Amino acid sequence: LISLRFRHRVTGLTRSAGTVDGVAGEILEESAAERGQASARTVTGSFAIRAQAVVVASGGIGANHALVRHNWPARLGEPPARMLSGVPAHVDGAMLAVAEGAGGRLINGDRMWHYVEGIANWAPIWPAHAIRILPGPSSLWFDARGNRLPVPLFPGFDTLGTLEHLRRTGFDHSWFVASRSIVAKEFALSGSEQNPDLTGRSWRQVIQRARAGMPLPVQAFLDKGEDFIVETDFSRLVARMNALGGAGLIDEAHLRAQIEARDRDADNPYGKDLQVTALRGARAYLGDRLIRTAKPHRILDPAHGPLVAVRLNILTRKSLGGLMTDLSSRVLGGDGAPVPGLYAAGEAAGFGGGGLHGYRALEGTFLGGCIFSGRIAGRAAAKAVG
Ligand SMILES: Cc1cc2nc3c(=O)[nH]c(=O)nc-3n(C[C@H](O)[C@H](O)[C@H](O)COP(=O)(O)OP(=O)(O)OC[C@H]3O[C@@H](n4cnc5c(N)ncnc54)[C@H](O)[C@@H]3O)c2cc1C
């Protein structure tokens, strides 16, 4: 009933009398490449498959940085010159142009969801592979010149708001400065390799998250990550930040003064630092207290050291726009009428409809739109072809 065609790359949709009735493309050379190695792209043949209906579910555009820059909205400032990829190489957006060529309408291309806490993976699976830090609330966040980000752009608070702010600083990177205690408790990393407890389905290991100590995947980044600086001495830390981020960008005294101001409030229950207040608020919830937040402490306290600075890069992730569809996941053309035989689902359809989420989204709810629009497309196509 189901036939999977690996190593088949669709490059076109076929049409008969205005109805999409199949796909055509290239057969790629067989490949025994290990995970993390690029498989061959040598074309060994071509194929064409006819079908009663075609559902485009080819994903977003995040690995195609030229396309990301092309779609970059003015409201987010200039597109970054340097970005990392938070998605595999196959997320190239090529099928969107193919579907457009078959009469489909692309909408809301300027709606994107990229992260600002990207670190270069020391063991990349795909080109320019970035891992996102899902940060707890304690790390201090500075722009490339060492200015603390304004309230309420605290770690984990407002992804697109922070992206917009950072794009106006004139630099592509920013910095977390934290203590080792904060990193150990609050740095969660995205990606299957970074969460062996979850991917290994081990409750025993998941429970370890509540224990003290540095998770092994985070320790690997401290040891091998090109964006991580670990130092006991503050002057040395700043010198290395400047060596990595750009000579003379960060003034040591300015950076120290901001951290000391925050540290005074970490010790003071009546302190007015809003990030420390947010930290205390987060700790009122048992789950966050156990596994997501470090007990408030002074970042410059050597007992919680060494100090850790992390250069943060912009990483591409989700395309919130795509092929416009109706409520039956039928792709609509420029005239607003369905393109016969053509459906779209998942990120290729902006998670449904061509932009189900609007300009923003609720973190982590994207897969729901993929599954839902896929279900609708499948049912509608089955009904249409009897
Ligand atoms: C590291 C990471 C973490 C994420 N975390 C979350 C999260 O916590 N919550 C959440 O909701 N979302 C998350 N997402 C986003 C979510 O995973 C994606 O939006 C979702 O997987 C998209 O599903 P899709 O089926 O539309 O496309 P994809 O999963 O990208 O699948 C597209 C498929 O089409 C194939 N394809 C593409 N072009 C062609 C072609 N021309 N010919 C043949 N085949 C082609 C690809 O090989 C691929 O198999 C995350 C994504 C990543 C990368």
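Which strand gives the largest share of the lining of the largest pocket? Strand 1 does, with 5 residues. Keep that strand in mind as you go through these close-ups, and remember that the model is predicted.

**View 1. The ligand and the shell of residues around it.**
Here you're looking at the ligand with 20 residues surrounding it. The closest are V10, E347, G364, F366 and L367. If you sort the shell by class, you get 8 nonpolar, 8 polar and 4 charged residues. Three elements each put at least two residues into this shell: strand 1 (8-16), strand 13 (307-319) and helix 12 (366-384).

**View 2. Polar atoms that meet the ligand.**
Zoom in on V10, and you'll find one of its polar backbone atoms 2.9 Å from a nitrogen atom of the ligand. At L367 it's again a polar backbone atom, this time 2.7 Å from an oxygen atom of the ligand. E347 uses its side chain instead: an N or O atom there is 2.6 Å from a ligand oxygen. How much of the ligand does the protein bury? On its own, the ligand would expose 1000 Å², and the protein buries 65% of that. The space the ligand takes up is the second largest pocket.

**View 3. The largest pocket.**
Now move over to the largest pocket, which has a volume of about 2000 Å³. Its lining is made of 49 residues, and R5, F6, H8, R9 and V10 are the ones nearest the centre. Several elements chip in two or more residues each: strand 1, strand 2 (19-28), strand 3 (43-50), strand 4 (54-56), helix 2 (94-101) and helix 12. What is the lining like by class? It has 28 nonpolar, 13 polar and 8 charged residues. Look out for V10, which turned up among the residues closest to the ligand and is also listed among those nearest the centre of this pocket.

**View 4. Two cis peptide bonds.**
Next, follow the backbone from V151 to P152, where the peptide bond is cis, with omega near 5°. P152 is part of the loop that runs between strand 9 (140-143) and helix 3 (159-167). Another cis bond joins G305 to P306, with omega near 5°. Where does P306 lie? You'll find P306 in the loop between helix 11 (286-291) and strand 13. Strand 13 is also one of the elements that supply the shell around the ligand.

**View 5. A positive phi at R201.**
Last stop: R201, a residue other than glycine with a positive phi, near 50°. R201 sits in the loop between helix 5 (196-199) and helix 6 (203-207).

Conventions:
Residues are numbered from 1 along each chain as its sequence is written. This is a predicted model: local features need pLDDT of at least 70, side-chain atom pairs count only at pLDDT 80 or more; totals for chains, interfaces and linings use all residues. Side-chain values use heavy atoms; hydrogens and water are left out. A residue is near a molecule or strand if one of its heavy atoms lies within 4 Å of it. A polar contact is a pair of N or O atoms within 3.5 Å; within protein, one must be able to donate a hydrogen and the other to accept it, and residues adjacent in sequence count only if both atoms are side-chain atoms. Accessible areas come from the Shrake-Rupley method with a 1.4 Å probe; for residues, only the protein chains shown count as cover. On a 1 Å grid over the protein atoms alone, a cavity is a set of points where a 1.4 Å probe fits but cannot get out, and a pocket is an open set with protein on both sides within 12 Å along at least five of seven lines; lining residues have an atom within 4 Å of a point. A molecule sits in a cavity or pocket if more than half of its atoms lie within 2 Å of its grid points. Helices (H or I, at least four residues) and strands (E, at least two) are DSSP runs, numbered from the N terminus. Ala, Val, Leu, Ile, Met, Phe, Trp, Tyr, Cys and Pro count as nonpolar, Asp, Glu, Lys and Arg as charged, and the others, Gly among them, as polar. Grid points are joined across faces, edges and corners, and a volume is the space filled by probe spheres set on the points.
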